[in-house]
Amino acid sequence: MTQTNVWQDKVAIVTGGSSGIGKATALELAANGAKVLITGRNQETLENVAALNPSIAILATDSADPESATQTVDTAFLRWGHIDLVVNNAGAGEPLPVDKYNAETLANMSAVNITAPSLLVQAARPALAKSKGTIINIGTAVAQNAAPMLAHYGATKAALEHLTKSWAIELAPEGIRVNAIAPGPVKTNALTGMMGLPAEMAEQVEQQEAAQIPLGRRGTTDDIVPWILHLGSPNNQWMTGQILTIDGGWSQRT
């Protein structure tokens, strides 16, 4: 799946690009010649990523803000004049038992995992139609089975998978392809960051998940990023509406 020269001078937007899968995706795209706009809420962490490659630009914005979609697309388009790839990577989730449900947390998960990608697709559609571009949504293997404590995280990501299939059909006449990747447990800072777990608890969860994975280990961003580039590549012209699960067999366990 080598992407030599395929990404030269292409323009990509990667939401949630300051860490984890988003950061690794942005760096790999830039290393292959793409111009990349990453978004996130923390200016400093975004700047730290941009310092690693001059082809990466940043926009500090909260995906939960409905205005961020237009702002993101305008920033990329005004800077480079076209958009070829949108990676909806930003996500929100936290362990939440039924007795801890609250409207604010549930609304935020829905805003980041469902509304934000929807508005970004809407805003980027004209540019992507012109470039015959691609949308890659980042879901989760959690959505494929029952997920006590993570029910709303899984549900909102399952909704994103449904949107992936629906957008693929709706946007196909314009030449826009839409696919999704559903990663299993990956070594990132998501447990202590997005999920808000204390470091000791996160370590325990990591060990438990690793023991459940048939291939015997948690994934890394190197297991995920090549597939994002492959699905987003202009050389991949006949795949759309698909959800690709990359989880070491985790979602198939009984």
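Is Asp-223 buried, partly exposed or exposed? Asp-223 is partly exposed, because its relative accessible area is 25% and the buried class ends under 20%. The model is predicted. Asp-223 is one end of a salt bridge, and we will come back to that pair after the fold has been laid out.

Start with the sheet. Seven strands form an open sheet in the order β3-β2-β1-β4-β5-β6-β7, and the pairing is parallel. The edges are β3 (56-60) and β7 (243-246). Each of these has a single partner strand, so one side of each is left without a neighbour in the sheet. Neighbouring strands are turned by 20 degrees against each other on average, direction ignored.

Now take the strands in turn, beginning with β1. Strand β1 covers residues 11-14 and pairs in the parallel sense with β4, residues 85-88, over three bridges. Val-14 stands opposite Val-87 in β4. On the β2 side, β1 is joined to β2 by four bridges, again in parallel. There the bridge partner of Val-14 is Ile-38. Val-14 therefore has a partner in β4 and a partner in β2, and strands of a sheet pair through backbone hydrogen bonds.

Strand β2 spans residues 35-40 and is mostly covered, with five of its six residues buried. Five bridges join β2 to β3, and the two strands run parallel. Thr-39 has Leu-59 as its bridge partner in β3.

The connections come next. From β1 the chain passes through helix α1 (residues 20-31) to β2, and the β-α-β unit is right-handed. From β2 the chain crosses through helix α2 (residues 43-50) to β3. This crossover is right-handed too.

Helices also pack on the sheet. Helix α4 (residues 103-131) lies across β1, β4 and β5 (134-138). The helix runs at about 175 degrees to β4. Helix α7 (residues 221-232) touches β4, β5, β6 (177-183) and β7. The direction of α7 makes about 170 degrees with that of β6.

What fills the interior? In soluble globular proteins, nonpolar side chains tend to be buried together. Here the largest nonpolar core has 28 residues. Leu-29, Val-36, Ile-38, Ile-56 and Ile-228 have the most contacts inside this core. At least two residues come from each of β1, α1, β2, α2, β4, β5 and α7. Val-36 shows how these parts meet. Leaving aside neighbours within four places in sequence, Val-36 is in contact with Ala-12, Val-14, Ala-26, Leu-29, Ala-30, Ser-55, Ile-56, Ala-57 and Trp-80. Another core lies apart from the largest one and has 24 residues. Val-11, Ala-127, Leu-163 and Leu-171 are among them.

Charged pairs are few to list: the structure holds two salt bridges. In one, Glu-174 pairs with Arg-125, and the closest N and O atoms are 2.3 Å apart. Glu-174 lies in the loop between α5 (151-171) and β6, while Arg-125 is in helix α4, so the pair ties together parts that are 49 residues apart in sequence. Arg-125 counts as partly exposed, at 32% relative accessibility.

The other salt bridge brings back the opening residue. Asp-223 pairs with Arg-217, with the closest N and O atoms 2.9 Å apart. Arg-217 is partly exposed, at a relative accessible area of 45%. Asp-223 is partly exposed as well, at 25%.

Finally, look at two loop positions. Asn-53 lies in the loop between α2 and β3. Asn-53 counts as buried, at 15% relative accessibility, because the limit is under 20%. Beyond neighbours within four places in sequence, Asn-53 is in contact with Ala-30 and Ala-31. Gly-241 is found in the loop between α7 and β7. Gly-241 is buried, with a relative accessible area of 16%. Outside the neighbours within four places in sequence, Gly-241 is in contact with Thr-164, Lys-165, Ala-168, Val-178 and Asn-179. The C-alpha atoms of Gly-241 and Leu-163 are separated by 9.2 Å, although the two residues are 78 residues apart along the chain. Leu-163 is also one of the residues of the 24-residue core.

Terms used
Residues numbered from 1 in each chain as written. Predicted model: local features only at pLDDT ≥ 70, side-chain atom pairs only at ≥ 80, totals over all residues. Heavy atoms only, no water. Pairing = 2+ DSSP bridges. Axes fitted to C-alpha atoms, helices over the stretch in contact; angles between N-to-C directions. Contact = heavy atoms within 4.5 Å. Buried < 20%, exposed > 50% of the residue type's maximum accessible area, 1.4 Å probe, protein only. Right-handed = clockwise from strand over helix to strand, strands pointing away. Core = buried A, V, L, I, M, F, W, Y, C linked by side-chain atoms within 4.5 Å. Salt bridge = Lys/Arg side-chain N within 4 Å of Asp/Glu carboxyl O.
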